[in-house]
Amino acid sequence: MEPVTHMLTGACLGRSGMNRTTALATVTMVMAAEIPDIDVLWYLRGPISGFAHHRGFTHTLAASPLMAALAVLAAYVIYRVQEARGRGGDPPRWGLLYLYAWLAVLSHILLDYSNNYGIRPFAPWNPKWFSWDIAFIVEPVLLIVLILGLITPPLLALVQEEIAGRNRRGPRGRGGAIFALVAMLLLFWLRDFEHRKAVTALRGRMYNEQEPLRVSAYPFAMNPFKWKGVVETSTSFQVMDVNSLTPEVDPQGRAQTLYKPEETPASLSAKKSPLGRVYLDWAAYPWLETQALPMPEGGYSVKFRDLRFAYLDTRMGTLGASVSLDKNLNVTEERFGGRVEKY
């Protein structure tokens, strides 16, 4: 998920009561809840390197203790700076703080697992991608719940202080934070329940008189009852909306059928390119389209799409890539995320 949700989750975890047991609990958990995304630094080496390592080692269970240690190290620096300024306060319980940081790192892995981009939690031993496919990468309802859980208790406390004329000391907001975390779990339970209904509805149909080989349902933002279905048969892929409340497949009759293209020397060469290998390792429903480039230079452009992100109301190019080849099938250019690498 996006960084704001991760950090708000870390803040709610810290304020749910853990900040009452050690100093710097909340700030450490906020940092730990976002620190696996440090892998974005790989994009400094180029788009392909960044794509290859995004949600890679830093998002694995094996790396989670190390990520927690980095968060605690950052907290240690903060504490020493405060101490040097005479505002150090009670020293944190470092062992307990490390356990809290580890919990926050695991919350990041779980949230990223919930959406359809996926993670590789068991790497390096098992590089397979896993995804729960129940939450959109930006969940407005979840964001609202987390924000309310954090800001409502302090506002209520200020009102009470104004009325009573007393200043309550000590950590606040435990009730609101717990409420937000429970609401998150309930939202995930609802989405998981509706996701299973959508997948069952997709699996129970024939598609162009063919049985489905694979079916998947992917989430929309806001609406837990609307899903994007992807179905693979022996000859085609089909993309359609699914209403899990009914449940009904393709309620508006807008299904798209994409027939599987034949392999060509150009598509095979593009698949063997650096970007092609990385993309096909990640994509769940890869779709390739080959176009001949105009003469006199000639050559080919091979576009890569993952149908997980081919929502009917959005551009097909979401998280797409392309590889350009010369007439001898040598890679001349690779594009991903609006950035280009030339050869």
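Which residues make the nonpolar surface patch of about 1000 Å²? Select Ile 38, Val 40, Leu 41, Leu 44, Phe 57, Leu 66, Leu 70, Leu 73, Tyr 76, Val 77 and Val 81, and you have it on screen. A patch here takes residues with over 30% relative accessible area and no salt bridge, with nonpolar side chains (Val, Leu, Ile, Met, Phe, Trp, Tyr) joined within 5 Å; the areas come from Shrake-Rupley with a 1.4 Å probe, and for residues only the protein chains shown count as cover.

Some ground rules before moving on. This is a predicted model, so local features need pLDDT of at least 70 and side-chain atom pairs count only at pLDDT 80 or more, while totals for chains, interfaces and linings use all residues. Numbering runs from 1 along each chain as its sequence is written, and side-chain values use heavy atoms, leaving out hydrogens and water.

**Stop 1: Leu 44.** Stay on the patch and pick Leu 44, in the loop between α2 and α3 (47–53). Helices (H or I, at least four residues) and strands (E, at least two) are DSSP runs, numbered from the N terminus. Leu 44 counts as exposed because its relative accessibility is 74%; the scale is buried under 20%, exposed over 50% and partly exposed in between, with a 1.4 Å probe and protein chains only.

**Stop 2: the cores.** Now select Cys 12, Leu 142, Leu 146 and Phe 188, the residues with the most contacts inside the largest nonpolar core, which has 38 residues. Such a core is a set of buried Ala, Val, Leu, Ile, Met, Phe, Trp, Tyr and Cys residues joined through side-chain atoms within 4.5 Å. Colour α1 (3–15), α2 (25–34), α4 (64–84), α5 (94–114), α6 (140–164) and α7 (174–203), since each supplies at least two residues of this core. The top contributor is α7, with seven residues. Zoom in on Leu 146: leaving out residues up to four places away in sequence, it touches Thr 5, Leu 8, Thr 9, Cys 12, Ala 180 and Met 184, where contact means heavy atoms within 4.5 Å. Apart from the largest core lies another, of 18 residues, including Trp 129, Tyr 279, Trp 282 and Phe 304.

**Stop 3: helix α9.** Two of those names come back here: the buried residues of α9 (residues 274–282) are Leu 275, Gly 276, Tyr 279 and Trp 282. Look down the axis of α9 and they fall within an arc of 135 degrees, so they line one face of the helix; the arc is that of the directions from the helix axis to the C-beta atoms. They pack against α3, α8 (265–271), β7 (300–306), β8 (321–325) and β9 (331–336).

**Stop 4: salt bridges.** There are 13 in the structure, each a side-chain nitrogen of Lys or Arg within 4 Å of a carboxyl oxygen of Asp or Glu. Try Glu 139 and Arg 191 (3.1 Å, N to O). Glu 139 sits in the loop between α5 and α6 and Arg 191 in helix α7, 52 residues apart. Buried or exposed? Glu 139 is buried at 1% relative accessibility, and Arg 191 is buried at 0%. Next, show Asp 306 and Arg 308 (2.7 Å, N to O), both buried. Arg 214, Glu 232 and Lys 260 form a salt-bridge network.

**Last stop: Val 242.** Finish in strand β3 with Val 242, which is buried at 1% relative accessible area. Its C-alpha atom is 9.4 Å from that of Gln 252, ten residues apart along the chain.

Terms used:
Patches are made of residues with over 30% relative accessible area and no salt bridge: like charges are joined within 9 Å, nonpolar side chains (Val, Leu, Ile, Met, Phe, Trp, Tyr) within 5 Å.
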